[in-house]
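Let's take a walk through this protein together. Have the sequence and the model open side by side as you read.

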Amino acid sequence: VAGKIEKDYNRMFYNGEIPMADEHEGIDYEKYPERSPFRTHLAYLMKRTAKRADLSPELQEELSDLRVAAKHCINGIITTNYDDFTESLFSEFEVYRGQDDLIVTQATGYAEIYKIHGDYRTPEEMVFTEKDYEGFEQRKAYLVSKLLSIFVENPLIILGYSLSDDNIRGILE
C-alpha cells in the first residue's frame, strides 16, 4: 500500500495536481530523479510532529518518569519512528539513523537510540514501502547481530514496534 501511495503522490505531483509546497522548494527533481516528492513531504510531516510541550500533563509526567528510568537502567532504545520525538526526550543518547549509520560507526550499546527504519533527515533511506523492506531484509545481518547483543546484554525499550511484528520476530528468531 505504501508503494502505491508514493507512486500516486509522485504522479500527481509531477502532473501538477499537488501544488508545490515549501518543503519542495529548492529541490531539482529532474536533476535528482532518485528524490521522491512523496518522501520529501513525508519527511516534512515528520519534522512537524508534536513536541513534548504539546503533550498532555499526564503524558508529560509519564515521559518524565521514563527519562528518570533511562538514567538508571535503559541502555538502548530501538525505534522505527522517523520523527525526532525519541531523541528530544533522551537528548543525551547517541542516535543511529538507519542501518548504514549503525554499520559505519562504533555503537557501544550504552545510551543509544537505534532508528532502524531511518529518519526524516534522510527521506530516501526511510524504510516505508515493500521495496524498502526487501532492501532492509537483504542488508539486515549486521543489524540483527548488533540488536541481538543489545537484547541479551542490556535492558532495552522498543518504541513504535510490537514483539508480535514480523520484522522483530525475524530478528529474534
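What follows goes from the overall layout to one helix, one histidine, and then the charged side chains.

Keep in mind that this is a predicted model. The protein has eight helices and four strands, and if you read along the sequence they come in the order α-α-α-β-α-β-α-β-α-α-β-α. Of its 173 residues, 42% are buried. The accessible surface adds up to about 10200 Å², with 52% of that belonging to carbon and sulfur atoms. How do the contacts spread along the chain? Taking those between residues at least 6 apart in sequence, 59% join residues at least 24 apart.

Now zoom in on H2, which spans 37-47. Its buried residues are Pro-37, Phe-38, Arg-39, Thr-40, Leu-42, Ala-43 and Met-46. What do they pack against? The buried residues of H2 sit against H1 and helix H6 (130-138).

Just ahead of H2, have a look at His-24, which is in the loop between helix H1 (2-14) and H2. Is it buried or exposed? His-24 has a relative accessible area of 1%, so it counts as buried. Beyond its neighbours within four places in sequence, His-24 touches Tyr-9, Phe-13, Tyr-29, Pro-37, Thr-40 and His-41.

On to the charges: the whole structure holds 13 salt bridges. One of them pairs the side chains of Arg-11 and Glu-17, at 3.8 Å from N to O. Arg-11 is partly exposed at 42% relative accessible area, and Glu-17 is partly exposed too, at 48%.

Another salt bridge joins the side chains of Arg-35 and Glu-124, again with N to O at 3.8 Å. This pair links distant parts of the chain, 89 residues apart: Arg-35 is in the loop between H1 and H2, while Glu-124 is in the loop between strand S3 (112-115) and H6.

Then there's Glu-87 with Arg-121, whose side chains meet at 3.6 Å, N to O. Glu-87 lies in helix H4 (residues 85-89) and Arg-121 in the loop between S3 and H6, so this bridge ties together parts that are 34 residues apart in sequence. Glu-87 is buried at 9% relative accessibility, whereas Arg-121 is partly exposed at 39%. The pair also belongs to a network: salt bridges with shared partners connect Asp-84, Glu-87, Arg-97, Lys-115, Asp-119 and Arg-121.

Finally, turn to the surface, where Glu-58, Glu-61, Glu-62 and Asp-65 form a negative patch. To find it on the model, look for helix H3 (residues 57-73), which contains Asp-65.

Notes: Residues numbered from 1 in each chain as written. Predicted model: local features only at pLDDT ≥ 70, side-chain atom pairs only at ≥ 80, totals over all residues. Heavy atoms only, no water. Patch = residues over 30% accessible without salt bridge, like charges linked within 9 Å, V, L, I, M, F, W, Y side chains within 5 Å. Areas by Shrake-Rupley, 256 points an atom, 1.4 Å probe, with all protein chains shown as cover. Salt bridge = Lys/Arg side-chain N within 4 Å of Asp/Glu carboxyl O. Lys, Arg positive; Asp, Glu negative; His and termini not counted. Charge placed at Lys NZ, Arg CZ, Asp CG, Glu CD. Helix = DSSP H or I, 4+ residues; strand = E, 2+ residues; numbered from the N terminus. Buried < 20%, exposed > 50% of the residue type's maximum accessible area, 1.4 Å probe, protein only. Contact = heavy atoms within 4.5 Å.
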